[in-house]
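Please examine the protein shown below, taking its sequence and its structure together. The account after it leads from the overall fold to individual side chains.

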Amino acid sequence: LTMNIAGVVKDWLLIGLSVLMFRSPVSQLQLIGYGVAFLGVCWYNYQKATAHVIKPPPPVEDDETRPLSSGSVSSHHHGRT
């Protein structure tokens with residue numbers, strides 16, 4: 001569990017204890033809101049975890065990283081005839 005999910009679960013436990021011990025009223029809309037918050041945190045953590053699985057883009061090839069080929073060297077006669 002991540003800290004965000006643990007925080008939402010802690011809120012649920014506090015609300016549950018408050019309802020049991022002090023008979024605090026909790027509306028159905030409030031329960032749905034906590035459910036949506038929990039699902040949102042789960043979705044965010046899933047997206048964050050799967051972002052590392054995505055293949056990185058291929059490296060950019062420039063003059064420093066491109067290998068020399070025999071064709072490019074022999075085509076330039078370096079001024080000799």
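The paragraphs that follow take up the fold, the first helix, the contacts between side chains and the surface.

The structure is a predicted model, in which local features need pLDDT of at least 70, side-chain atom pairs count only at pLDDT 80 or more, and totals for chains, interfaces and linings use all residues. Residues are numbered from 1 along each chain as its sequence is written, and side-chain values use heavy atoms, with hydrogens and water left out.

The protein contains 3 helices and 0 strands, and the order of its elements from the N terminus is α-α-α. Helices (H or I, at least four residues) and strands (E, at least two) are DSSP runs, numbered from the N terminus. Of the 81 residues in the protein, 5% are buried; buried denotes under 20% relative accessible area, exposed over 50%, and partly exposed the range in between (1.4 Å probe, protein chains only). About 7,500 Å² of the protein is exposed, and carbon and sulfur atoms supply 67% of that area. Accessible areas come from the Shrake-Rupley method with a 1.4 Å probe, and for residues only the protein chains shown count as cover.

Helix H1 comprises residues 3-22. What span should its 20 residues have at 1.5 Å a residue? The expected value is 28 Å, and the end C-alpha atoms of H1 are 28 Å apart, which agrees; the expected span of a helix is 1.5 Å times one less than its number of residues. After H1 comes Arg-23, with a positive phi near 55°. Ser-18, a residue of H1, is in contact with Arg-23 and Ser-24 when its neighbours within four places in sequence are left aside. Contact here means heavy atoms within 4.5 Å. With a relative accessible area of 24%, Ser-18 is partly exposed.

Which residues join H1 to helix H2 through an aromatic pair? The whole structure yields 1 aromatic pair. Trp-12 and Phe-38 form this pair, which is tilted, at 4.9 Å centre to centre with 40° between the planes. Because Trp-12 lies in H1 and Phe-38 in H2 (residues 28-50), the pair ties together parts that are 26 residues apart in sequence. Rings of Phe, Tyr and Trp (its six-membered ring) pair if their centres lie within 6.5 Å; planes under 30 degrees apart count as stacked, over 60 as edge-to-face and the rest as tilted. Trp-12 counts as partly exposed at 37% relative accessibility, and Phe-38 counts as partly exposed at 22%.

Asn-45 is also placed in H2. Its relative accessibility is 14%, so Asn-45 counts as buried. Not counting residues up to four places away in sequence, Asn-45 touches Thr-2, Asn-4 and Ile-5.

Side chains of opposite charge can pair when their charged atoms come close. A salt bridge is a side-chain nitrogen of Lys or Arg within 4 Å of a carboxyl oxygen of Asp or Glu, and the count by this rule is 1. Lys-10 and Asp-11 form a salt bridge, at 3.7 Å from N to O. Lys-10 is partly exposed, with a relative accessible area of 48%, and Asp-11 is partly exposed, with 29%.

On the surface, Leu-17, Leu-20, Met-21 and Phe-22 make up a nonpolar patch with about 480 Å² of accessible area together. Patches are made of residues with over 30% relative accessible area and no salt bridge; like charges are joined within 9 Å, and nonpolar side chains (Val, Leu, Ile, Met, Phe, Trp, Tyr) within 5 Å. Leu-20 lies in H1 and counts as exposed at 60% relative accessibility.
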